[in-house]
Amino acid sequence: MKLTKLLVATLALTAFSASAEIPEGYYDACIGKKQSALKSQLYTIIKSHDKISYGSSGTWGAFRDTDVRDNGYIWDIYTDDEVAMPSSGSASGMNIEHTFPKSWWGGTKNKAWNDLFNLYPSESASNSAKSNYAMGKVDNPNVLDDYEKVGSGNAGGKTIRMCEPHDTWKGDFCRSYFYMATTYQNLTWTGEGSSTSGGGLQTL
């Protein structure tokens, strides 16, 4: 993975952020490490974690704690539609969206499939429009709404299909991608806009 200065800084800040929930000494092995060595050490620390069940009881049960606004509506980072969170089960017209496309690791139902850091409630039509495209700057959108652009963009000197989220949520997508590329750097990534390189994700 090509680690940019922004990525290295973000990983470092993530590693050393003060939080009462982080056990004392949890990230000590990261001290003094930089770039790919830091990323690999973070992978060693965080690769083992609890797995929730996928679907209406597990994932949607977790969404009730992580993705509901104070007014009871769902946080949907793909659209500005307002959908109320039901008291049980899944919300009508909504999908569980893998922000980091599951097809990129072959769709195997492993820990990456169930990882809540990569899962967001999404309105079905927006989820379908995003497909499994790489995130990037869309130059010629043919699907456009207030929160999402889908079209073509430049990636490493070639034009590919891309999805560009609303500016409000780009940081959230970046953090999800950083987390997934680190936690699952042992997986083989495939797909337009991504490839395996040195045990991580190569951004084109």
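This report describes the sheet, one helix, the salt bridges and the cysteines of a predicted model.

## The four-stranded sheet

Four strands form an open sheet in the order S3-S6-S5-S4, and the pairing is mixed. S3 and S4 are the edge strands, each having a single partner, so one side of each has no neighbour in the sheet. Strands of a sheet pair through backbone hydrogen bonds, in either the parallel or the antiparallel sense.

S5 and S6 are antiparallel and are paired over eight bridges. In this pairing Glu-148 stands opposite Pro-165 of S6. S5, which covers residues 148-155, also runs antiparallel to S4, with four bridges joining the two. Here Asn-140 is placed opposite Ser-152 of S5. The connection from S4 to S5 is a hairpin of three residues.

The edge strand S4 spans residues 140-144 and is hardly covered: of its five residues, the number that are buried is zero.

## Helix H2

Helix H2 runs over residues 35-46, twelve residues in total. The distance from its first C-alpha to its last is 17 Å, close to the expected 16 Å at 1.5 Å a residue.

The buried residues of H2 are Leu-38, Lys-39, Gln-41, Leu-42, Tyr-43, Ile-45 and Ile-46. Lysine and glutamine are thus represented in this buried set, as Lys-39 and Gln-41, alongside leucines, isoleucines and a tyrosine.

## Salt bridges between distant parts of the chain

The whole structure contains five salt bridges. One of them joins Glu-97 to Lys-130, with the closest N and O atoms 2.8 Å apart. Glu-97 belongs to strand S1 (residues 94-98) and Lys-130 to helix H5 (residues 124-130), so this pair ties together parts that are 33 residues apart in sequence. Both Glu-97 and Lys-130 are buried.

A salt bridge also forms between Lys-137 and Glu-164, where the closest N and O atoms are 3.9 Å apart. This pair again links distant parts of the chain, 27 residues apart: Lys-137 is in the loop between S3 (134-135) and S4, while Glu-164 is in S6 (residues 158-165). Which of the two partners is buried and which is exposed? Lys-137 counts as exposed because its relative accessibility is 54%, and Glu-164 counts as buried because its value is 5%. Lys-137 and Glu-164 are also part of a network of salt bridges that includes Asp-167 and Lys-170.

## A salt bridge within helix H6

The side chains of Asp-172 and Arg-175 meet in a salt bridge, at 3.8 Å from N to O. Both residues lie in helix H6 (residues 170-183), three residues apart, and are therefore separated by about one helical turn. An α-helix has 3.6 residues a turn, so residues three or four places apart point the same way.

The partners fall into separate accessibility classes. Asp-172 is partly exposed, at 25% relative accessibility, whereas Arg-175 is exposed, at 51%.

## Cysteines

How many disulfides does the structure hold? The number is zero. A disulfide is a covalent bond between the sulfur atoms of two cysteines.

Cys-30 is buried, with a relative accessible area of 0%. Cys-174 is partly exposed, its relative accessibility being 38%.

Methods
Residues numbered from 1 in each chain as written. Predicted model: local features only at pLDDT ≥ 70, side-chain atom pairs only at ≥ 80, totals over all residues. Heavy atoms only, no water. Buried < 20%, exposed > 50% of the residue type's maximum accessible area, 1.4 Å probe, protein only. Pairing = 2+ DSSP bridges. Disulfide = S-S within 2.5 Å. Expected span 1.5 Å × (residues − 1). Salt bridge = Lys/Arg side-chain N within 4 Å of Asp/Glu carboxyl O.
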